[in-house]
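Grab your viewer and work through the exercises below. Try each one yourself before reading its solution.

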Amino acid sequence: MAASLALPMHHAQATETDVIVIGAGAAGLAAAHDLKAAGRKAIVLEARSRIGGRAFTDASLGPAYDAGAMFIHWAERNPWVQIARDLGIETPGESWGGGFRVFADGRPMTDADRQKRRGAFGQIDRRLETVDLTRRDLSVKELLGDLGPDMSQIASSGLLLSIGEESDRISTRDYQRLWAGDDLVVPSGYGNLVSRHGAGLDIRLNQPVSEIRWDGLDVAVTTPSGTLHANACIVTVPVGVLKAGAIRFTPALPARNRNALDGLGMGALTKIALRVEGDRFGIIPGTSFLEAGSPSRLMNFDLFPDDKDLVIAYCGGDHARELSAAGTEAARAHVTELLAQMIGPNIRKAVTGISFPAWWTDPFSRGSYSVCLPGREAARERLAEPIGGRIFIAGEATAGGGAMTVGGATLAGRAAAAKVARIKA
Ligand SMILES: Cc1cc2nc3c(=O)[nH]c(=O)nc-3n(C[C@H](O)[C@H](O)[C@H](O)COP(=O)(O)OP(=O)(O)OC[C@H]3O[C@@H](n4cnc5c(N)ncnc54)[C@H](O)[C@@H]3O)c2cc1C
C-alpha cells in the first residue's frame, strides 16, 4: 500500500511501507540510497523543513557559509569526495590566505606566550603516544593532569574548538581512535552538497517523529500527520535528541542501548556569523584571529573568508552553551565587543546582521556532535546494536573512528542499511 501521511491524526489509518528512515541528514540519506539500490522501499521522515541536518549552508545573511559541517575530513577514505565528484562539485584543499593572529584580552599575544601555547598543544599528541590505556580509560583532562593547571588549560582549549567539549568530559580512548587525514572544503557549501544528495529519495519534511512502537509484529512510527507501519526502522536523529526523550520508544529502549546513550554526550561547537559591510579594516580576506585570553572568552574568528562580507566566530564547550542560552542579541553583543577590542571600535557600525544557528538549543540536534565520556568508549558500538531485530540506531555517534563527521554519518547509515537488507521485506 502506498504510504501517506497527509491525513490528520484522528483520521489516520495504518499505512505501510517497507523501511522508515528517521532523519534526512547524511546518515539517513545514505541509508535511503542504499536501500533504494537494493530494491527496498524506504520513506525518510524529517522533522525540519529542509534536509541535510547538521550539514547546512546558511545564506540568510546574503553570502553563504557553512553553519554546520565545513570540512571533508580524512578525505583519503571519505565517501563525500566521490559523491561530490559524481555531482561535478569541486572539493579543493583548505587554503587560508591571510594568516593567523593570536590575541589575549584584545591585545596581540606576546611571542613568549605564543611559544608557550605551541608547547602546550604538542603535549596532547606526545602523551597520546606514550600513555598506557590498556587497564583503564582516562579523561583528556587526566591525560594532561601533571602539566600544571596553566599549561593543561591551554592544551585543552584546542579541544573546545575541535571536539566542542571540556576536556574532563572526553574519553582519551575514544579521542585516540578518531580518524585523521587530509581536509578538503566545498566552496559551494558542504550543506548544499549534502542536500543535493537527497535527490531521488522519498523524503517527507516537517514530520517530527514523537513515538516508535515496537511491541507488535512491525514498527509503528508516529508523527503529527499520522502513524506509519514498516518492517524495519533506521533512526538517525542526533544522540542529543534521543537523550532529551523527544522520541518515546514503546516499549522503552533495552538497557544496553540506554546505557550506551548514558555514555555519550553532545559537544557544543557553535558558529556565530556576522555580516560586516563597508570596510575590511586593513585585514586580508581569509585571515583568522584567535582570542585566547581566558576560557570564558576563547573564540576563533574567520575574517572575510573567500572575500565574503562575513566574519564567522566559533567557540565550544560551556562558553558556547551559555551563549546559546543567552540568545542571538547577547551573542551579537559579545562577539562584536571581542572584535572591537581586536580591530577597533568602528567594526561596531560595520556589523549589519547576525546568523546564530545555536545547535545546542536546537530541538532537532541538541548539540554539535557526539562526545564519548571517559570510560564509556564502548558506547558507540553498543548504541548501534539492533533493537528487537527491527530498529537500528545509526548516525555519526555510531561511526567509531569516523564519529562526529558527515563522512562517518554516511558510513554508519550505509552499515544500518546493510543490516536492514538482511531482513525479509
Ligand atoms: C558547528 C558544527 C561544525 C561541524 N563541522 C564539521 C566538519 O567540518 N566536518 C564534518 O565532517 N562534520 C562536522 N560537523 C558534524 C557533522 O555536521 C555531523 O556529524 C553530521 O552532519 C551528522 O549527520 P547525521 O545524519 O548523523 O545527523 P544529522 O545531520 O543531525 O541528521 C539527523 C536528522 O534528524 C532530524 N531529526 C531530529 N529529530 C527528529 C525527529 N524527532 N523526527 C524526525 N527527524 C528528526 C534532524 O532534523 C536532522 O535532519 C559539524 C557540526 C557542527 C554542528
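**Exercise 1. The shell around the ligand**

How many nonpolar, polar and charged residues does the shell around the ligand have, by class?

Solution. Keep in mind that this is a predicted model. Start with the total: 39 residues surround the ligand. Next, sort them by class, which gives 24 nonpolar, 11 polar and 4 charged residues. Then pick out the closest ones, which are Glu-46, Arg-54, Phe-71, Val-209 and Val-406.

**Exercise 2. Where the shell comes from**

Work out which domains and helices contribute to the ligand's shell.

Solution. Take the domains to begin with. Domain 1 (9-53 + 191-265 + 371-421) and domain 2 (57-95 + 183-187 + 267-355) each give at least three residues to the shell. Now look at helices: H1 (26-37) supplies at least two shell residues, and so does H14 (406-421).

**Exercise 3. Polar atoms around the ligand**

Find the distances from ligand atoms to polar atoms of Arg-54, Phe-71 and His-73.

Solution. Go residue by residue.
- Arg-54: an N or O atom in its side chain sits 2.7 Å from a ligand oxygen.
- Phe-71: here the partner is a polar backbone atom, 2.8 Å from a ligand nitrogen.
- His-73: the side chain comes in again, with an N or O atom 3.3 Å from a nitrogen of the ligand.

To finish, check the cover: on its own the ligand has 1000 Å² of accessible area, and the protein covers 98% of that.

**Exercise 4. Cysteines**

Count the disulfides, then decide whether Cys-315 and Cys-372 are buried or exposed.

Solution. A pair of cysteine sulfur atoms has to lie within 2.5 Å to qualify. With that rule you get 0 disulfides. For burial, the cut-off is under 20% relative accessible area. Cys-315 is at 0%, so it counts as buried. Cys-372 has a relative accessible area of 1%, so it is buried as well.

**Exercise 5. Backbone oddities**

Place three backbone features: the peptide bond from Thr-250 to Pro-251, and the phi values of Asp-105 and Phe-304.

Solution. First, the Thr-250 to Pro-251 bond is cis, with omega near -5°. Pro-251 belongs to the loop between strand S15 (248-250) and helix H9 (255-262).

Second, Asp-105 isn't a glycine, yet its phi is positive, near 50°. You'll find Asp-105 in the loop between strand S7 (100-104) and strand S8 (107-108). Its relative accessible area is 38%, so Asp-105 is partly exposed.

Third, Phe-304 also has a positive phi near 50° without being glycine. Its loop runs between strand S19 (299-303) and strand S20 (310-315). At a relative accessible area of 1%, Phe-304 is buried.

**Exercise 6. Sequence versus space**

How far apart in space are the C-alpha atoms of Val-44 and Ile-22, and those of Ala-199 and Asp-215?

Solution. Begin with Val-44, which is in strand S3 (residues 42-45) and is buried, with 0% relative accessible area. Ile-22 is 22 residues away from Val-44 in sequence, and their C-alpha atoms are 5.7 Å apart.

Now the other pair. Ala-199 lies in the loop between helix H7 (190-196) and strand S10 (203-204). With 54% relative accessibility, Ala-199 counts as exposed. Asp-215 is 16 residues from Ala-199 along the chain, and 33 Å separates their C-alpha atoms.

Methods: Residues numbered from 1 in each chain as written. Predicted model: local features only at pLDDT ≥ 70, side-chain atom pairs only at ≥ 80, totals over all residues. Heavy atoms only, no water. Near = heavy atom within 4 Å. Polar contact = N/O pair within 3.5 Å; in protein donor to acceptor, adjacent residues only side chain to side chain. Areas by Shrake-Rupley, 256 points an atom, 1.4 Å probe, with all protein chains shown as cover. Helix = DSSP H or I, 4+ residues; strand = E, 2+ residues; numbered from the N terminus. Nonpolar A, V, L, I, M, F, W, Y, C, P; charged D, E, K, R; others polar. Domains from an automatic or database assignment. Buried < 20%, exposed > 50% of the residue type's maximum accessible area, 1.4 Å probe, protein only.
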